[in-house]
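Let's take a walk through this one together. Keep the sequence and the model side by side as you read.

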Amino acid sequence: MFKSFYSLAKEPFSKDIRPSDAFLSSDYQGALNALTYLQKSKGIGLLIGNPGAGKTFTLRA
């Protein structure tokens with residue numbers, strides 16, 4: 001409904017957003033850097049945050 005009302009090209013809050021379309025906030029970049037470090041060092045990490053903070057999206061990115 002809001003897609004046609006606001007003349008949007010796609011749904012703005014869909015679950016299948018591409019990582020290239022994400023807003024590169026400092027928190028998001030920091031989480032990506034930490035995950036990259038864990039991947040290179042073959043370590044174990046814990047990603048925590050409030051509901052809706054973007055944890056799952058960050059892991060998928």
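Is Leu59 buried or exposed? Leu59 has a relative accessibility of 55%, so with the cut-off for exposed set at over 50%, Leu59 counts as exposed. You'll find Leu59 in helix α3. Even so, Leu59 has contacts further along the chain: leaving aside neighbours within four places in sequence, Leu59 is in contact with Leu35 and Leu47. There is also a spatial relation to Leu32, which is 27 residues away from Leu59 in sequence, with 8.2 Å between the two C-alpha atoms.

Before going further, a word on confidence. What you're looking at is a predicted model. The chain has a mean pLDDT of 85, and 98% of its residues reach 70 or more. Going element by element, helix α2 comes out with the highest mean pLDDT, 91, while helix α1 (residues 2–5) has the lowest, 76.

Now stay in helix α3 and look at Thr58, which belongs to that helix too. Is Thr58 buried or exposed? Its relative accessible area is 8%, and because that is under the 20% cut-off, Thr58 is buried. If you skip residues up to four places away in sequence, Thr58 touches Tyr28, Ala31, Leu32 and Leu35. Leu35, then, turns up as a contact of Thr58 and as a contact of Leu59.

Next, the pockets. The largest pocket holds about 530 Å³ of space. Its lining is made of 19 residues, and those closest to the centre are Ser14, Lys15, Ile17, Gly54 and Phe57. Which element gives the largest share of this lining? That's helix α3 (residues 55–60), with 4 residues. Sorted by class, the lining of the largest pocket has 10 nonpolar, 5 polar and 4 charged residues.

The second largest pocket has a volume of about 150 Å³. Around it you'll find Asp27, Tyr28, Ala31, Leu47, Ile48, Gly49, Ala53, Gly54, Lys55, Phe57 and Thr58. Two elements, α2 (26–41) and α3, each give two or more residues to this lining. The class split for the second largest pocket is 6 nonpolar, 3 polar and 2 charged residues. A few names should look familiar here: Thr58 is one of the lining residues, and so are Tyr28 and Ala31, both of which Thr58 touches.

Gly54 is worth a stop, since it is among the residues closest to the centre of the largest pocket and also lines the second largest one. Where does Gly54 sit? It is in the loop between α2 and α3. With a relative accessible area of 26%, Gly54 is partly exposed. For a sense of distance, Gly54 and Asn33 are 21 residues apart in sequence, and their C-alpha atoms are 15 Å apart.

From there, hop over to Ser41, which lies in helix α2. Ser41 is at 36% relative accessibility, so it counts as partly exposed. Take Pro19 as a reference point: it is 22 residues from Ser41 along the chain, and 23 Å separate the two C-alpha atoms.

Then there's Lys42, in the loop between α2 and α3. What is its phi? The value is near 55°, a positive phi in a residue other than glycine. Lys42 is exposed, with a relative accessible area of 73%. Ser7 gives you another example of a positive phi, about 55°, and it isn't a glycine either. Ser7 is found in the loop between α1 and α2, and at a relative accessible area of 65% it is exposed.

Let's finish with the rings. How many aromatic pairs does a search of the whole structure find? It finds 2. A pair like this is described by the distance of the centres and the angle of the planes. Phe5 and Tyr6 make an edge-to-face pair, with 4.9 Å from centre to centre and 90° between the planes. Are these rings on buried or exposed residues? Both Phe5 and Tyr6 are exposed.

Conventions:
Residues numbered from 1 in each chain as written. Predicted model: local features only at pLDDT ≥ 70, side-chain atom pairs only at ≥ 80, totals over all residues. Heavy atoms only, no water. 1 Å grid on protein atoms, 1.4 Å probe; cavity = no way out; pocket = protein on both sides within 12 Å on 5 of 7 lines; lining within 4 Å. Points joined across faces, edges and corners; volume = space filled by probe spheres on them. Nonpolar A, V, L, I, M, F, W, Y, C, P; charged D, E, K, R; others polar. Buried < 20%, exposed > 50% of the residue type's maximum accessible area, 1.4 Å probe, protein only. Contact = heavy atoms within 4.5 Å. Phe/Tyr/Trp six-rings, centres within 6.5 Å; stacked < 30°, edge-to-face > 60°. pLDDT = per-residue confidence, 0-100.
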